[in-house]
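Colleague: I have a new model to look over. Can we go through its fold and core?

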Amino acid sequence: MFISFEGVDGSGKSTQARLLAEHLRAEGTETILTREPGGSPGAEEIRRLLVEGGGDRWSPETEILLFTAARRDHLERLIRPALAQGATVITDRFADSTRAYQGAARAELGDLVEKLHALMIGIEPDLTFIIDLDPAEGLSRGAARGEGEDRFESLGLGFQQRLREAYAEIARRDPGRVRVIDGAGTPAEVAARVRAML
């Protein structure tokens with residue numbers, strides 16, 4: 001199975017991806033936990049270009065190309081081989097991030113995002129969890145982490161609110177694949193909501 005976690009910055013998706021991977025491993029399921037951008041050596045190099053620096057470092061069009069290049073490498077080198085060996089792959093972000101960030105919140109480039117996705121990626125997760133959280137709380141959590149990977153957080157609350165709306169639209173368009181999870185509460189409480197939707 002191929003599972004992705006999505007959400008605004010600071011929503012807790014990385015924590016929930018890890019907790020679900022730990023849960024599945026404890027049940028005896030071979031599970032690979034990965035992330036985007038990243039997940040393979042080449043994609044991790046591209047990640048640094050994307051998540052560090054000023055918010056205006058790249059245009060939305062350039063971001064789409066960089067994210068697609070990173071995703072393609074990730075797909076070739078980790079995701080497809082792991083799925084072919086029968087493992088479950090859980091990724092912290094996948095194509096819905098590009099749809100939300102560059103396709104809607106940063107610019108209205110949804111058609112370009114979909115064309116590149118169809119041409120270079122061509123697959124969707126079997127199941128996507130969108131961790132829904134008030135963007136103001138997400139920004140507060142992100143500031144507390146202080147990891148330096150805050151390029152998108154630096155775009156402000158209005159940007160994060162547009163992201164939340166974009167994710168809600170993705171969930172409306174694809175209810176067979178996407179599950180929206182309330183991100184409020186403790187990590188354990190949110191993890192229980194995720195497991196209930198498997």
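Modeller: First a definition: the radius of gyration is taken over C-alpha atoms, and the globule rule is 2.2 Å times the number of residues to the power 0.38. Keep in mind that this is a predicted model.

Colleague: What radius of gyration does the protein chain have, and why does it agree with a compact globule?

Modeller: The chain has 198 residues, so the rule puts a compact globule near 16 Å. The C-alpha atoms fill a box of roughly 45 × 35 × 30 Å along the principal axes. The chain agrees with the rule, because its own radius of gyration is 16 Å.

Colleague: In what order do the elements run from the N terminus on?

Modeller: Count them: eight helices and five strands. A strand opens the chain and a helix ends it. The full order is β-α-β-α-α-β-α-α-β-α-α-β-α.

Colleague: What share of the contacts with a separation of 6 or more joins residues 24 or more positions apart?

Modeller: Contact here means heavy atoms within 4.5 Å. Val 194 gives an example: it touches Phe 5, Gln 16, Leu 20, Phe 129, Ile 131 and Ile 181, leaving out residues up to four places away in sequence. For the chain, the share is 76%.

Colleague: Which element gives the largest share of the largest nonpolar core?

Modeller: That core has 13 residues; Ile 3, Phe 5, Leu 20, Ile 90, Phe 129 and Val 194 touch the most other members. Strand E1 (2-6), helix H1 (13-26), strand E4 (127-132) and helix H8 (187-196) each give two or more residues. The largest share, four residues, comes from H1.

Definitions and conventions: Residues numbered from 1 in each chain as written. Predicted model: local features only at pLDDT ≥ 70, side-chain atom pairs only at ≥ 80, totals over all residues. Heavy atoms only, no water. Core = buried A, V, L, I, M, F, W, Y, C linked by side-chain atoms within 4.5 Å. Buried < 20%, exposed > 50% of the residue type's maximum accessible area, 1.4 Å probe, protein only.
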